[in-house]
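Here are some exercises to work through with the structure open beside you. Try each one yourself before reading the solution.

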Amino acid sequence: MAIETTLRLIVIENSANDANAYVKALRASGVAVREHFIADKNTVEEKISDHQPDLILISPVNSYVAVTELPPLLEKIGSNASIIVMCADKNEMSVAKALEAGARDRILKGDTEHLQAAAKRELAYVSLANRHAALDRLYRESEDRCQILMENSRDAIAYVHQGAHVYANKAYLEMFGFNSFDDIEGLPIMDMVAPEKQEEFKQFLRGLNTQKGKKMALETQLIDVKHEAFVGRMEFSEASIEGEPCTQILIRQNVGDTSALEAQINQLSRLDPLTGLLNRQAFLEEFGKALANVSKKNKHYSLFQIGIDDFKTIQNTVGLVGSDQVIAEIAGLIKGSLEASDLAGRYEGSKYLVLSEAAAEKTILGRSNAFIKAIDKHICQVGDKSINIRLHIGISLIDDDSLDVNEVMARAEKALADASTPENKTRIHIYQPKEGEMTQKQIDAAWVKRLKEAMDSERFHLLFMPIIQLDSSETERYEVFMEMVNEKGERVPTGDFMPAAERTKMSKILDRWVITKAIQHLVKRLQTNPNTVFFIKLTGGSLEDMELFRWISEKLKAANIPKWRVIFEVKEDAVVSHLKQAQAFATLLKTIHCGFAIDDFGKGPDPFKLVELVPAQYLKFDKNFTTDLSKNQQNQQTLREITEKAKELKKHTIIQHVEDAATLSVLWTIGANFTQGNFFQGPTKQMDYDFSSGGL
């Protein structure tokens, strides 16, 4: 029976004929093979790390690496690959010697049936090993998250083994007046109970031992480090710490209602802070739920994508803060024109979304004209400037239950582009599919195929862009991100393929590729430049990857990367729409001495609310802050204010998109920590910036 799973194979063999014979034999047995051949001894580790093989076939007389060197190399990389030694005759290496070297088998080159059977066996073994590793990672990830939750819990939590403390969180230490866990480690739990209550406590503990698996509680008198007594309700349950059985003790504190904080988190994660409309992620979630009604309830909808005409000119006229005021005012007017059943959200920048139950063309055009008229007669007063606003609207009809969210959004986007052309005097366009036009799903599928082909043919590579410390430093900082080239070697703009990658979750794979490659480059760089720091860009989709933190931790540990040499960078919009995941990820990163940066920061009216919830060390300001900065006094003042606020909160600030000396001279007066832009150096394949010149 043919094996459906693809076997990732690396062959380490001097003879190309023999190597091709192995692959041919495996394919003849029904095994799908994706093979790579080692042709350079200097790239053995890189090839194995890049391609993560299931099986390695190695000749003991190859010119690239000894059989005995492979197992420690695989362990270093974190690979579960099986090794099979391929010998021309029995004298090249015995079975015993091959097994002793760490191989799973030794096969004679002419024994095709043995090779085929062994390959299928090893494919099954590797599959089980990978599943075991994945489950183990999930388990440890869960433990890490529980640890973080306990550390940040307002309830006092401690673990006790054989009557002595082996763990206590911050709330527990504060409750009893201890400064650190060192002060309480090994201290008997009995010492925390008032003397007159200790006998009662002993009797309770004896009963606890007979009630295995049950949670039990006791309200008793406790004493703190100053011997002051207080009453506490202690809850006991079975637990384990580092694999050892122990008892968890939880003492609930009366800290009041936390619903307000929870509501704030939920609101921030769903509402756009500037407009009060649903943010993009929340809108798409609600939109997806509504789409189910097309087939279930035979309901029809229309999606309006509303854009502000020539917004760049408005931004240049009134500055960043003033343009934010315009966006908020228009959102308010749109809200005032909504019907009760409408769903409204902010899409991005100066674009809005409205999902309506309007289905007839006459009704849709009437709604569109109502939006346009409401805005046309409004004048935005920004300081001493009066701004007239014009809208254009693209509409996608939703009358087919085969349409998904991405397809409808793509159609509305195309309609908006048609509505904004000078030829369209109505400023309204309803999308009509053209004959033979590909759907968004088909376009995305084509992109996924192209991306996979680009990865297989190594048409992705890293780019590096320096981040400059303005007051000079010996530390070399580079932002790291990927670039794709087509079959002709021409650059493919990130904006062309990344939206499709994010929609199809392919971005998670690309992010892991970037991380893997970045770590490899950093290892080499640190050998000659030990003060190098990498800022690695991640997409929002990776925040949903529950295994990512554990995977990163293992990668950094295997590579022996020093502390605080890696900062992970995520855009503000993605952080907001994945708020709880971002909180957990940023907090966990600190436990492995990595940093977290919020990119494109500061777009909302009160961006520091986000900083209160997500423990980021770096704030990389939105590039619009530096647009015409040397002439725009409003942007200068705004940038100065948020930079000072960031300093108060002990956050490092990065100002990007510095394109000229005039902008840099302004930044010196503002007092930012770091800067970045083409004025210093744009993205390059090499790390060759001269940091000794500082920000000059």
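**Exercise 1.** Find which helix T638 lies in, then decide whether T638 is buried or exposed.

*Solution.* Keep in mind that you're looking at a predicted model.
- Step 1: T638 is part of helix α20.
- Step 2: Its relative accessible area is 14%. The cut-off for buried is under 20%, so T638 counts as buried.
- Step 3: Leave out residues up to four places away in sequence, and T638 touches V321 and F625.

**Exercise 2.** Locate S630 and D628, and work out how open each one is to the outside.

*Solution.*
- Step 1: S630 sits in the loop between β24 (618–621) and α20 (633–648). D628 lies in the loop between β24 and α20 too.
- Step 2: For S630 the relative accessible area is 30%, and for D628 it is 40%. Partly exposed covers the range between 20% and 50%, so that label fits S630 and also D628.
- Step 3: Now look at what S630 meets. Skipping residues up to four places away in sequence, S630 touches Q636, A662, T663 and V666.
- Step 4: Take A662 from that list. A662 and S630 are 32 residues apart along the chain, yet their C-alpha atoms are separated by 5.7 Å.
- Step 5: Check the backbone of D628. Its phi is positive, about 55 degrees, although D628 is not a glycine.

**Exercise 3.** Say where Q52 is found and what its phi is.

*Solution.*
- Step 1: Q52 is in the loop between α2 and β3 (55–58).
- Step 2: Q52 isn't a glycine, but its phi is positive all the same, at about 45 degrees.
- Step 3: With a relative accessible area of 25%, Q52 is partly exposed.

**Exercise 4.** Describe how helix α2 packs against helix α3.

*Solution.* Two packed helices are described by the angle between their axes and the distance between the axes. That's the plan here.
- Step 1: α2 covers residues 44–51 and α3 covers residues 70–77. They pack at an angle of about 50 degrees, and their axes are 10 Å apart.
- Step 2: That angle makes α2 oblique to α3.
- Step 3: The crossing of α2 and α3 is right-handed.
- Step 4: On the α2 side, V44, E45, I48 and S49 make the contact; on the α3 side, L70, L73, L74, K76 and I77 do.
- Step 5: Sort those residues by class and you get six nonpolar, one polar and two charged.

**Exercise 5.** Do the same for α2 with α15.

*Solution.*
- Step 1: The axes of α2 and α15 come within 10 Å and cross at roughly 155 degrees.
- Step 2: Angles over 145 count as roughly antiparallel, so α2 is roughly antiparallel to α15.
- Step 3: This crossing of α2 and α15 is right-handed.
- Step 4: E46, S49 and D50 of α2 meet T516, K517, Q520 and K524 of α15.
- Step 5: By class, the contact of α2 with α15 has no nonpolar residues, three polar and four charged.

**Exercise 6.** Now try α13 with α15.

*Solution.*
- Step 1: Helix α13 (residues 440–456) packs on α15 at an angle of about 20 degrees, with their axes 11 Å apart.
- Step 2: An angle under 35 degrees counts as roughly parallel, so that's how α13 and α15 run relative to each other.
- Step 3: α13 passes α15 in a left-handed crossing.
- Step 4: α13 brings V448, L451, K452 and M455 to the contact, and α15 brings M506, I509, L510 and W513.
- Step 5: The contact of α13 with α15 divides into seven nonpolar residues, no polar ones and one charged.

**Exercise 7.** Which residues of the largest nonpolar core touch the most other members?

*Solution.* In soluble globular proteins, nonpolar side chains tend to be buried together.
- Step 1: The largest nonpolar core has 79 residues, and F497, F568, F585 and F596 touch the most other members.
- Step 2: Helix α15 (residues 506–528) supplies the largest share of this core, nine residues.
- Step 3: Zoom in on F596. Leaving aside its neighbours within four places in sequence, its contacts include I567, F568, F585, L589 and Y618.
- Step 4: There's also a second, separate core of 30 residues, which includes I308, A344, I375 and I389.

Conventions. Residues numbered from 1 in each chain as written. Predicted model: local features only at pLDDT ≥ 70, side-chain atom pairs only at ≥ 80, totals over all residues. Heavy atoms only, no water. Axes fitted to C-alpha atoms, helices over the stretch in contact; angles between N-to-C directions. Helix = DSSP H or I, 4+ residues; strand = E, 2+ residues; numbered from the N terminus. Parallel < 35°, antiparallel > 145°, perpendicular 65-115°, else oblique. Left-handed = near helix turned anticlockwise from the far one by under 90°. Contact = heavy atoms within 4.5 Å. Nonpolar A, V, L, I, M, F, W, Y, C, P; charged D, E, K, R; others polar. Core = buried A, V, L, I, M, F, W, Y, C linked by side-chain atoms within 4.5 Å. Buried < 20%, exposed > 50% of the residue type's maximum accessible area, 1.4 Å probe, protein only.
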